[in-house]
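Q: I am new to this structure and would like a close look at a single part of it. Please choose one helix position, set it within the whole chain, and explain how it is placed.

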Amino acid sequence: MITTSNLTNSEFNSYYGRYIDKLNKNLELRKGFLLGKDNVIGFFNSIPTDKQNFRYESGKWSIKEIFQHLIDTERIFMYRCFRIARNDKTSLAGFDQNVYVDPSNASNKTIESLINEFSKLRESSISLLNSLSDVNLNYIGDANGGAMSARAAAFTIIGHDIWHIDVIKERYL
């Protein structure tokens, strides 16, 4: 059983610590994905329609764009998790999150379609995690020029969701 308390700072770039620090110190990885799914869906279901395209400041993402960002980031980090867990030593490129926003067309999607997309993706992520052994999840690879374990990539997703939900609560609602 892999918990956040198993992680060491050498398994991820310090930048990702802001997300991992959002997690309970004894959170079990696979359970965290299940709980996170319900939390994310419940939160975005609660956003009033008139707030879904709100931006607290010019140039900032709307709430729906943030939701799409969570989806896009999960795809990328689960790909990293998968490649590292398969012991692929190829250096994995970073990504520019801002480039993804406009082509996503998130502002024109319904919150229901985003929830559906997230739900299906999360089920796929859970299925992948369930197919990987704890040994495989301990492997360390290179992501965006730094060391990252497969499990750190996965935990980052859960903390990243919490981080952005907190931002929405503080600045958007």
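A: What follows looks at one threonine, beginning with the chain around it and ending with two loop residues.

The model is a predicted one, and its chain holds 7 helices and 2 strands. Read from the N terminus, the elements follow the order α-α-α-α-α-α-β-β-α. The radius of gyration of the chain is 16 Å, close to the 16 Å that the globule rule gives for 173 residues, so the chain is as compact as a globular protein of that length. Along its principal axes, the C-alpha trace spans about 45 × 30 × 25 Å, and 50% of the 173 residues count as buried. Among contacts with a separation of 6 or more, 78% join residues that are 24 or more positions apart.

Against that background, the residue chosen for the close look is Thr73, which has its place in helix α3, a helix that covers residues 63-85. Thr73 has a relative accessibility of 4%, and because buried means under 20%, Thr73 counts as buried. When its neighbours within four places in sequence are left aside, Thr73 is in contact with Phe95 and His160.

The number of His160 leads on to helix α7, which takes in residues 150-171. Helix α7 has 22 residues and reaches 32 Å from its first C-alpha to its last, which is close to the 32 Å expected at 1.5 Å a residue. This helix is mostly covered, since 16 of its 22 residues are buried.

Two asparagines in loops offer a contrast with the buried threonine. Asn87 lies in the loop between α3, the helix of Thr73, and α4, which spans 97-104. The phi of Asn87 is near 65°, a positive value in a residue other than glycine. With a relative accessible area of 36%, Asn87 is partly exposed, because that term covers values between the 20% and 50% cut-offs.

Asn144, in turn, sits in the loop between β1 (140-143) and β2 (146-149), and its phi, near 60°, is likewise a positive value in a residue other than glycine. Asn144 has a relative accessibility of 45% and counts as partly exposed.

To return to the whole chain, its surface exposes about 8500 Å², of which carbon and sulfur atoms supply 49%. The chain carries 21 positive and 20 negative side chains, and the centres of these two sets lie 2 Å apart.

Notes
Residues numbered from 1 in each chain as written. Predicted model: local features only at pLDDT ≥ 70, side-chain atom pairs only at ≥ 80, totals over all residues. Heavy atoms only, no water. Helix = DSSP H or I, 4+ residues; strand = E, 2+ residues; numbered from the N terminus. Rg over C-alpha atoms; globule rule 2.2 N^0.38 Å. Buried < 20%, exposed > 50% of the residue type's maximum accessible area, 1.4 Å probe, protein only. Contact = heavy atoms within 4.5 Å. Areas by Shrake-Rupley, 256 points an atom, 1.4 Å probe, with all protein chains shown as cover. Lys, Arg positive; Asp, Glu negative; His and termini not counted. Charge placed at Lys NZ, Arg CZ, Asp CG, Glu CD. Expected span 1.5 Å × (residues − 1).
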